[in-house]
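Visitor: I am new to this structure and should be grateful for a close look at a single part of it. Please take the charged pairs of the first chain as the subject, and then place them in their wider setting.

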Amino acid sequence: MKEVVEKMNNSEDILTIPLQLGDNYAFVLYLKTVVDGLKLQNIIIKPFFELKSTEFFSSYIQSLPDIAKMKTGDELLIQLTKGHVLIAIQEQFFLVDIKMITASTPQPALMEPTIYGPQLALSEAIETNLNMIRHRYLEPSLTIETVQLKDKSHQSIALIYDKKIVKQSVLDKIQKKIKEMNNPLIESSGDLQLFLNSTKFSLFPVLLLTERPDRITYNLANGKVVILMDGSPQAIVAPVVFYDFMVSMEDNYHSFWISIFTLILRYVGILTCILLPAMYVAVTSYTPDIFRVELALSVAGSRLGVPYPSFIEVLFMLLFMEFLIEASIRLPKAISATATTVGGLILGTAATEAALTSNIMIIIVSAVAITSFVIPISEMSFAIRICRYVLLAFTTLFGTVGLMLGFLGIIMFLTNKESFGEPFLKINWKSTKREKEV
Amino acid sequence: MYYLIFVTMVANIIATVPRILVIESKNGVIFSMIAALFVGVIFTYFVILFFNKFSGLSFPEILKKHTSKWFYIPVIVYFGISWFLAGTITLITYVFLFTTFVSLETPLITTTLAFVIIVSFGMLMKSESVLFTLETVFVLLLPILIFLFVKIITDSNLEWNFVQVAMMNINITPSYRSFSAASYIFIGVVNIVIFNSFFKEKLKFGFKQISIISTVGAVVLFITYFIPIGFNGFEQIEHMNFPWVSTSDSVRMKYGVIERLVFIFIIIFLGISFLSLLVHWHVSLKLFESIFHFNKLKWKNKNLTSYFFVVLFGAVSIYLVTKIDEFELFKYSSYFYNIFPLFYFILFLSLFVAKRRAKI
């Protein structure tokens, strides 16, 4: 026991409590900061004084539901830092899990809110999350594997899948990836997702992060693997296809036509978001004759007095919009309202009056800004936002051909991607609800 | 599978095929079109039949397994070159067309370069991804394509009298040139030489499939030939360089944001010809890769053979775009179509030899 204390560098929160009642004595060693003091008092210290002998006490300890396997060496230390208590009764040693769990209450869904459906998202404690998932998915074939990361955080992660329907090749790939991983510090599932991603420079996410338990069970039922990490309120879903990013859980709670309508709305949104800025450049600078005369004239008319080529105008406005978005994410809630108001005013009226941009450009920028939030999963909307600039550059260089070809290029890029061996974008004819399934 | 065939069929509408057909319009085009339809379907049927015997194997793999070296190398090189040229013809035709109708000021090289950059990326993809791309883009474009054709056919300027005049020439014996051009639209099936390795199960090719392909082929041929005549008249049509685009230019959409149909037409066909180019060059690249492998071309443990071919393809096509004018393009592509029956012959010959050797 002394050894352990020394190895812990005599940290101040490490406590060794001797328990003694007559001839019976025991030692309890734990880290005060991570152990639930009340629970410790109730289930370990009290019974010690109530039970007659150390034999009784040791058999009592062994029958505790929270008893953990005895570990040695460094693993023991890790367990201690995770909230286990080491109990020494004469020559016997036991490990009991009396973790103090903070932040175990599920929080309301922030990133993927819906009108109907469950309102609570995952919590930050893995036990609560597993509990939530088990409660929602009552198949006995649901399997949970716990793995410990090898980095400095030593967080435990859980692989969850339905053994009956999961694709074995995908599961093997994920398990291998996790085993091979050796990064110094992984802080959250967002981090973990990046390391599971196979390519170094990736734009589109090939794993889906979600905070909604209903999305998790929905994906489990479709044979996917869900990865949970302790301390982060997001779960990773793998493998995913492009369509998964376009589905909101709300779609399952509405009637058929409504969900079809919203789905179409989202695809139109994504197209608008990618194409519109580049289209503006193509139409104003390269081929104004595509549109009917009235429209072409009104576009050209509103650009009167703008002193630079259209692509600079588009780039300028888009960048300002990105600044605005970025600022309102980072700022505290109280201030961000001010930022958006001021920014909106500047972008809206003043820029046009100063003849820095055309009126139509303002409309386009706001349309693009709104449509980029239509995508339910925010990572995808970030990727799409970047795609927009690629397309803009291509259009600026090559004109209308560049616009079309660039768009086809993005489609090609997506089809060429794969998520754990599953093609990322492909049309799946066999299922009627093709957007919703794997 | 269908996509491969259909994309090639539709892509040829903008290519030189309609022009050849129109020029030959007094030399028994209709008869040769009918003949080409039959020959094309039978040809498709046999190609699929052959490749079904070797399901899961691509053409170079089959040849390497069952024939000797002096035989398969020239055959594959010939195929690769033909495929490259087929793609290049589509590319150059489209680039000319785009420059003529949409942006006169853009230099030819810029447009070509835009194509080459994107297609180069596409060529280097996995064959599987090429198929997925083909499928996705084609499905996206199909509704607009159908709308386009319906719009053109229902237009009030279409004079069916001219079509009837053209129909009157049915009893003239066909010319070889129109026959080979018309049968060229069925060439899409040959792309199976590479993509066969992804068709693990045997392709069904029964009566249903035959009827689908022949119906679509007939419709495409009909549209290709008669619609421009209906718009432009039987006598005048010979003087047009791009009969189809001029045709679509004569249709207006009264309430559309884009008033002239020709722009939609050109944008849609940009997609289609891009797909056709992608598939042709990809197949060509795979064919070349299967026989040439430069061990010396290495950089950071990556073999650069395929990159070499991609750069070569791009360079050659850019060179050709700057050198050729429209008249020469027409001349060369009709030569190209004329030698195509030879291509069928060689394909069948090599498949036959392989089949004999494999004793299936």
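Guide: What follows describes the salt bridges of chain A, and then the two chains around them.

The model is a predicted one. Side chains of opposite charge can pair when their charged atoms come close. Over all chains, the count comes to five salt bridges.

A suitable place to begin is helix H11 of chain A, which spans residues 310–330. A:Glu313 lies in this helix, and its side chain meets that of A:Arg303 in a salt bridge of 2.2 Å, N to O. A:Arg303 itself sits in the loop between helix H10 (293–302) and helix H11 of chain A. The two partners are ten residues apart, and the pair links distant parts of the chain. With a relative accessible area of 0%, A:Glu313 is buried. A:Arg303 also counts as buried, because its relative accessibility is 17% and the limit for a buried residue is under 20%.

A:Glu322 belongs to helix H11 of chain A as well. Its side chain forms a salt bridge with that of A:Arg385, at 2.6 Å from N to O. Because A:Arg385 lies in helix H14 (residues 378–398) of chain A, this pair ties together parts that are 63 residues apart in sequence. Both A:Glu322 and A:Arg385 are buried. A further residue takes part here: A:Arg388 is linked with A:Glu322 and A:Arg385 in a network of salt bridges.

Another pair in chain A consists of A:Asp214 and A:Arg212, whose closest N and O atoms are 3.0 Å apart. A:Asp214 is buried, with a relative accessible area of 5%. A:Arg212 counts as buried at 1% relative accessibility.

A:Asp214 falls within the span of helix H8 (213–221) of chain A, and this helix is among the elements that cover the buried residues of helix H5 of chain A. The cover also includes strand S6 (142–148), strand S7 (156–162) and strand S9 (225–229) of chain A. Helix H5 comprises residues 126–136, and its buried residues are A:Ile126, A:Thr128, A:Asn129, A:Leu130, A:Met132 and A:Ile133. Helix H4 (residues 73–81) of chain A likewise has buried residues, namely A:Leu76, A:Leu77, A:Ile78, A:Gln79 and A:Leu80. Just after helix H4, A:Gly83 takes a positive phi of about 110 degrees.

These details belong to a chain with 15 helices and twelve strands. Buried residues make up 49% of the 438 residues in chain A. Among its contacts between residues at least 6 apart in sequence, 66% join residues at least 24 apart. The accessible surface of chain A comes to about 21500 Å², and carbon and sulfur atoms account for 63% of that area.

The nonpolar interior brings in chain B. The largest nonpolar core holds 193 residues, of which A:Leu405, B:Phe115 and B:Phe274 touch the most other members. Helix H13 (residues 261–291) of chain B provides the largest share of this core, 21 residues. From chain A, domain 2 (126–240) and domain 3 (252–423) each supply at least three residues to this core. Neighbours within four places in sequence aside, B:Phe115 is in contact with residues of both chains, including A:Val401, A:Leu405, B:Leu270 and B:Phe274. A second, separate core has 22 residues, among them A:Val170, A:Ile186, A:Leu209 and A:Ile227.

Chain B has 16 helices and two strands, and 58% of its 360 residues are buried. One of its buried residues is B:Phe149, which counts as such at 14% relative accessibility and has its place in helix H7 (residues 127–153) of chain B. B:Phe149 and B:Ile227 are 78 residues apart in sequence, while their C-alpha atoms are 9.6 Å apart in space.

The surface of chain B completes the picture. Chain B exposes about 15100 Å², with carbon and sulfur atoms supplying 67% of it. A nonpolar patch on the surface is formed by B:Ile34, B:Phe38, B:Ile42, B:Phe46 and B:Leu49, which together have about 460 Å² of accessible area. B:Ile34 is found in helix H3 (residues 29–53) of chain B and, at 37% relative accessibility, counts as partly exposed.

Conventions. Residues numbered from 1 in each chain as written. Chains lettered and ligands numbered in written order. Predicted model: local features only at pLDDT ≥ 70, side-chain atom pairs only at ≥ 80, totals over all residues. Heavy atoms only, no water. Patch = residues over 30% accessible without salt bridge, like charges linked within 9 Å, V, L, I, M, F, W, Y side chains within 5 Å. Areas by Shrake-Rupley, 256 points an atom, 1.4 Å probe, with all protein chains shown as cover. Salt bridge = Lys/Arg side-chain N within 4 Å of Asp/Glu carboxyl O. Helix = DSSP H or I, 4+ residues; strand = E, 2+ residues; numbered from the N terminus. Buried < 20%, exposed > 50% of the residue type's maximum accessible area, 1.4 Å probe, protein only. Core = buried A, V, L, I, M, F, W, Y, C linked by side-chain atoms within 4.5 Å. Domains from an automatic or database assignment. Contact = heavy atoms within 4.5 Å.
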